[in-house]
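Please open the structure in a viewer and keep the selection tool at hand. The tour below proceeds stop by stop, naming what to select and what is found there.

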Amino acid sequence: MGKIISKKEFKEALRPKLKKEGKTIALCHGVFDLVHPGHLIHLQQAKAMTDILVVSITAAEYVRKGPGRPYFNDDMRLNFLSALECIDYVMLSECYTVNDIVESVEPDLYIKGQEYAAEDDDITGNITPERELVERHGGKIAYTAGDVFSSTKLINTVLSALPEDVMKYMEQFVKNYSMYDIRKYTKKAEKFRVLVVGDVIIDKYTYCNMQGLMSKDMGYSTRLGYSEEYLGGAAAVARHLSSFTENVTLMSIVGSEDSVRLKFMDEITDKMRLKLTYSGKFPTIVKHRYLTRNAKREEYRKIFSVSNIPDPMGYETEVKETFYKDLEDKLKESDVVFLCDFGHGLVDEKARGLIQEKAKYLVLNCQTNSSNYGLNIITKYNRADAFTLDQKELKLAYPAYLIDEQAALKKLANHLGGNGWLTRGSEGAYGIAGDCIYKCPAFTLNVKDTIGAGDAFYSVAGLYQAAGAPAELGTFMGNIAGALGANIVGNKESVEKVNVLKYAGTLLNI
């Protein structure tokens, strides 16, 4: 039996033997992406506390330090650690937490660095439950006292894991902001009563294998794979926000399909409150996209899409009246309103007027898509405390062949009377506050699917803006969410607070 051992092998064969021999077992856990002197000191001190030292690493798919991390794959990290004399066994944790390893090892000591001793400062929120789990298995937590180094900092700087424009941006950003600032506004946002109003969209993705063009026509020929459905539109925004605050209400009009009700119950009723009005005439909006995967990397390309949006779209009078009444009631009790206007008939003139008049703090996103192109322009609003839009939407609002994006963004901010952001794809984003425009580069150019990136940016940037964060910090946090969202297929998953904070920590560590 070598040093690299499975959880099952340790639990069933090795642990009983070691316990019978009266050996003490200690566990150290981490990513160990780049082992440095700080790690060696930590591991040597840990070995001095025990008979048997087990070290586990987080599997790559569960590492939450942002796109492109870990820098080294699982095998490389396992093999490097196994070569260290002070380590007796090395294991792979296939979980976001260390729970699977603790259950298998049942360590007498769970050893962390001194920087983890203040449990309230842990941005993951994992240290306390990890300690409690270790204690339930008869162990206790202990700390080493070595100097603190950072793998992330070494990878960012020495290995140049961050693009040059991101490094230059972060060198200036860290002079003004720290994780303390981010935690402060995160804590403030946790207390908000958030109302999300907008069209709920079912994003149906059908995965195909591209074969080429039809032999007798100009269309694509594909081989059908499988389909998945995700909650998109305003529901996706509400899911992002529900990771940051427990008091989120999603308000919309949907169809009366039993399948949709079940999907809500299965996927989001435990995360937020629902205030839905049901239409017996119009279905829940479904946007069905057919796509194919890049053969060499996890990147997807849309072939074509089909939607079930009626033309014209207009809900029944009694349904709309119920919606207006419920809307007025919810606006009174909400601290922040996220208005997601996808231009599919929900947010009409009356709803728009109610929200602009009564929302205590309004975060606006007015989207252009193929079904409303040129008809759903953000300038139809006259008030927003914060807003987001993309380059195409800005050009439709202020049409010009050679558009000056910064000048147009300032004009829109003056029109709405608030701060906002222009998302610019691979060029990052502009943020505006008063007459000041902040430029932030894209934090990743490796993407799986950009469909949900804008909604993630809008959700997180808007929430931090509502919490009083400076525009530059809101832009930074929104860009992190956008980068994470671009590495999620469609709206299959939400952008989680812990992932946003961990990625922020990665970027700040230069």
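## First stop: the cysteines

The structure, a predicted model, holds zero disulfides. Select Cys436, which takes part in no disulfide; the nearest cysteine sulfur belongs to Cys440 and lies 16 Å away. A pair of cysteine sulfur atoms counts as a disulfide only within 2.5 Å. Cys436 counts as partly exposed because its relative accessibility is 41%. Select Cys440 next: this residue is likewise in no disulfide, with the sulfur of Cys436 as the nearest cysteine sulfur, 16 Å away. Cys440 has a relative accessibility of 0% and therefore counts as buried.

## Second stop: the nonpolar cores

In soluble globular proteins, nonpolar side chains tend to be buried together. Here, the largest nonpolar core has 108 residues, and Val196, Phe387 and Phe476 are the members that touch the most others. Select helix H15, residues 453-466, to see the largest share of this core: eight residues come from that helix.

Now centre the view on Phe387. With neighbours within four places in sequence left aside, the contacts of Phe387 include Leu364, Ile378, Leu409, Leu412, Ala413 and Leu416. Also among them are Gly418, Asn419, Gly420, Trp421 and Ile432. A second core, separate from the largest one, has 18 residues; Phe10, Val98, Ile101 and Leu133 are among them.

## Third stop: a four-stranded sheet

Select strands S8, S7, S11 and S12, which form an open sheet in that order with mixed pairing. Which strands stand at the edges? They are S8 (220-233) and S12 (300-307); each has a single partner strand, so one side of each is left without a neighbour in the sheet. From one strand to the next, the twist averages 25 degrees.

Within this sheet, display S11 (residues 285-293) together with S12: the two run antiparallel and are joined by seven bridges. On this pair, Tyr290 is placed opposite Phe304 of S12. Then add helix H10, residues 258-267, which lies across S7 (200-213) and S8 and runs at about 65 degrees to S8.

## Last stop: His240

Select helix H9, residues 234-242, and find His240 within it. Is His240 buried or exposed? His240 counts as buried because its relative accessibility is 3%. To view its surroundings, select the residues in contact with His240, leaving aside neighbours within four places in sequence: Gly452, Asp455, Ala456, Ser459, Asn491, Glu493, Ser494 and Val495.

Notes:
Residues numbered from 1 in each chain as written. Predicted model: local features only at pLDDT ≥ 70, side-chain atom pairs only at ≥ 80, totals over all residues. Heavy atoms only, no water. Buried < 20%, exposed > 50% of the residue type's maximum accessible area, 1.4 Å probe, protein only. Core = buried A, V, L, I, M, F, W, Y, C linked by side-chain atoms within 4.5 Å. Contact = heavy atoms within 4.5 Å. Pairing = 2+ DSSP bridges. Axes fitted to C-alpha atoms, helices over the stretch in contact; angles between N-to-C directions.
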